[in-house]
Amino acid sequence: MSGDVVDQIFIRAKQWLLSWLAGAPDWIIQITSSLLNIFALLGVFLTLFALISVLERKILGRMQNRYGPNRVGPFGLFQPIADGIKMLIKEDIVPARADKIVHFLAPILIAATAILALGVIPYGRNMTPFAIDGGILFFFAVGSTTELAVFMAGWGSNNKFSMLGAMRAIAQMVSYELPLIITTLPVVMVAGALSPDVIVTAQAGYSFGFVPHWFVTTPWGAAAFVLFFVSGLVESNRTPFDVPEGESEIVAGHMTEYSGFKYATFFMAEYIGMFAISGLAVTLFLGGWHAPVRVLQFIPSYIWFFAKLSALLFVYIWLRGTLPRTRIDHIMNFAWKFMLPMAFTCIFAAAVWHYMGRGLAGWLCSLAVIGIVYIALSILLDTRKRFATRTYRFAE
Amino acid sequence: MPPFLFWIFALLMLVFGAAVVINRNPIASALNLVVSFLGLAALFMSLDAFFVGIIQVLIYAGAIMVLFLFIIMLLDLRAEKLRKINWLASAGGIAVALVLLTQILYVIGNLKAAQQTFPPLARSTIDDVRNVGLVLFGNYNLPFQIIGILVLVATIGIVLLSRHELR
């Protein structure tokens, strides 16, 4: 039972803290309990943000054959503190023609929505800060308000680069919200609930003791996971889909007119949004806090969750170090012509898998469904024929 | 729910609802409308109707308002110029509003159901979403399907209309 104590240590710590309030009115205990959750969430994810901001630069440095930050502290680990101080003491510039209130509220709104989305994710056994029935829906509802914040930043700045950046950001976020939500549908259908806790419970158990019943091990789950991950890249404005802040064309997009700590808030919101969407991907497809093999179940659940989250975050950084920026029309065509049909196919394949008894036959049939649609789409969308033979022109 | 939360959110809704009308800048009006919607969503949630509250945020604050803002932005509407107030017209407007208000108050005052306090609903054993799904696909399946076809027709119509080369 010692493993259980370590697994539930945070729950017990919270209960111990709340036991100090025994006898107080209900609403005080309720509010204190919520505040404890909020502070724990903020503490963990702001630390993770500081860590990932320096690790990203280190990893990118290694990928590009250089050292990355290594001056401040051991291995450059105190770099985020130096960055934070630098951002805090910078002058905060508000353009004279800007809409002052909207310009001021945009970074607050974007950070608030990003942090709210973190609340519904189960971080371990019994460790969901804000457990509601429609948790997945809540995540997307909050996520859709990000677009408003981006719009406020772009419009409130009264700058043409900000406006262009905001338009690009909203256009691609609206387009990719569709595949993002539709790829969660098969998971919701198979688990039969919109609550993240129930979805994680539905992925418990192992075949032969080492094949976990995560949704990513089924063909529809694997396809949906890839689609979800790509849509997540777009939603968090990461390379290769970072046209909204394409610095070679439009300075910094909707963040052009922000300086000092407001800029840092945007930066933080982007990373927190990345954590939230990766956390949701872990919850929906990678089994949440479940261990990958039965023999490793003694390791506490929250360690597994954060291990999976870090793996996904590494892929984010890896992609940033590898891929060049995509053109906006390619991004849009990809969303509407490939992602959307594939997302609908995932729903169909999941239904096939479910009604063939969730066994090997269903596994193979859903693989066949996805394969057929994938091949058909790649033939239909093939543009190679349209290219003329390359002609060379020389100065004469 | 604690009653003071109801008053806070109700007040928030009313203040920002009024700001939508008073503001002369169309974008500021639209942003005020978003806050008003968020207050409404909070009211739904405090009544334990999480699903309706979330849908309120997702559809209205998320989708529809973004669309509104985009259209306002593309039309490039300037802030409406402050006009002289037409006292006669505003007096007429106020009179109509007052008549409507007294009518509503009168009807509510005479309605038996409006005066009793209802007992709180028993907590349902199945969740919100399942309830909505069962009703939507059970009792109201046919209207639901018809609305689906209507939306599809509208979508195809928009695609057709926005293709310029087709005459």
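## Two asparagines with positive phi

A residue counts as exposed when its relative accessible area is over 50%, and as buried when that area is under 20%. A:Asn65 is exposed, because its relative accessible area is 76%. The model is a predicted one. A:Asn65 lies in a loop of chain A, between α3 (26-63) and α4 (79-88). Its phi is positive, about 65°, although the residue is not a glycine.

A:Asn237 also has a positive phi, here about 55°, and again the residue is not a glycine. Is A:Asn237 buried or exposed? A:Asn237 is buried, because its relative accessibility of 8% falls under the 20% limit. The loop that holds A:Asn237 runs between α9 (219-235) and α10 (247-250) of chain A.

## The loop between α6 and α7

A third asparagine, A:Asn159, sits in the chain A loop between α6 (135-156) and α7 (160-191). A:Asn159 has a relative accessible area of 14%, so it counts as buried. Its side chain reaches the backbone nitrogen of A:Phe161 at 2.7 Å. Beyond residues up to four places away in sequence, A:Asn159 touches A:Gly154, A:Thr256 and A:Glu257.

A:Phe161 has a charged partner too. The charged end of A:Lys160 sits over the A:Phe161 ring, 5.9 Å from the ring centre.

## Aromatic pairs and the nonpolar core

How many aromatic pairs are there over all chains? The count is 26. One of these pairs joins A:Phe139 and A:Phe140. Their geometry is edge-to-face, with 5.6 Å centre to centre and 85° between the planes. Both phenylalanines, A:Phe139 and A:Phe140, are buried.

One aromatic cluster is made of A:Phe45, A:Tyr123, A:Phe275, A:Phe305 and A:Phe306. A:Phe45 touches three of its fellow members, A:Tyr123, A:Phe275 and A:Phe306. A:Phe45 also touches A:Leu118, A:Ile272 and A:Leu309; residues up to four places away in sequence are left out here.

The largest nonpolar core holds 121 residues. Which of them touch the most other members? They are A:Phe45, A:Phe139, A:Trp220, A:Phe228 and A:Phe275. A:Phe45 and A:Phe275 thus appear both in this group and in the aromatic cluster.

## A:Ile370 in helix α14

Helix α14 of chain A spans residues 360-380 and includes A:Ile370. A:Ile370 is buried, because its relative accessible area of 10% is under 20%. A:Ile370 and A:Pro219 are 151 residues apart along the chain, with their C-alpha atoms separated by 7.5 Å.

A:Pro219 and A:Trp220 are among the contacts of A:Ile370, neighbours within four places in sequence aside. The others are A:Ala223, A:Met342, A:Thr345 and A:Ala349. Of these contacts, A:Trp220 is also among the five core residues that touch the most other members.

## Chain B and its interface with chain A

Chain B has six helices and zero strands. Along the sequence, the pattern reads α-α-α-α-α-α. Of the 167 residues in chain B, 20% are buried. Among chain B contacts between residues at least 6 apart in sequence, 52% join residues at least 24 apart.

At the interface, 22 residues of chain B are in contact with 20 residues of chain A. The two chains bury about 1,900 Å² between them. Carbon and sulfur atoms account for 86% of that area. Which residues of chain B lose the most area to chain A? They are B:Ile54, B:Leu58 and B:Met73, which together give 26% of what the chain B side buries.

Key
Residues are numbered from 1 along each chain as its sequence is written. Chains are lettered from A and ligands numbered from 1 in the order in which they are written. This is a predicted model: local features need pLDDT of at least 70, side-chain atom pairs count only at pLDDT 80 or more; totals for chains, interfaces and linings use all residues. Side-chain values use heavy atoms; hydrogens and water are left out. Rings of Phe, Tyr and Trp (its six-membered ring) pair if their centres lie within 6.5 Å; planes under 30 degrees apart count as stacked, over 60 as edge-to-face and the rest as tilted. Buried means under 20% relative accessible area, exposed over 50%, partly exposed in between (1.4 Å probe, protein chains only). A charge sits over a ring if NZ of Lys or CZ of Arg is within 6 Å of the ring centre and within 35 degrees of the ring normal. Helices (H or I, at least four residues) and strands (E, at least two) are DSSP runs, numbered from the N terminus. A polar contact is a pair of N or O atoms within 3.5 Å; within protein, one must be able to donate a hydrogen and the other to accept it, and residues adjacent in sequence count only if both atoms are side-chain atoms. Contact means heavy atoms within 4.5 Å. A nonpolar core is a set of buried Ala, Val, Leu, Ile, Met, Phe, Trp, Tyr and Cys residues joined through side-chain atoms within 4.5 Å. Buried area is the accessible area (1.4 Å probe) that two parts lose on being put together, summed over both.
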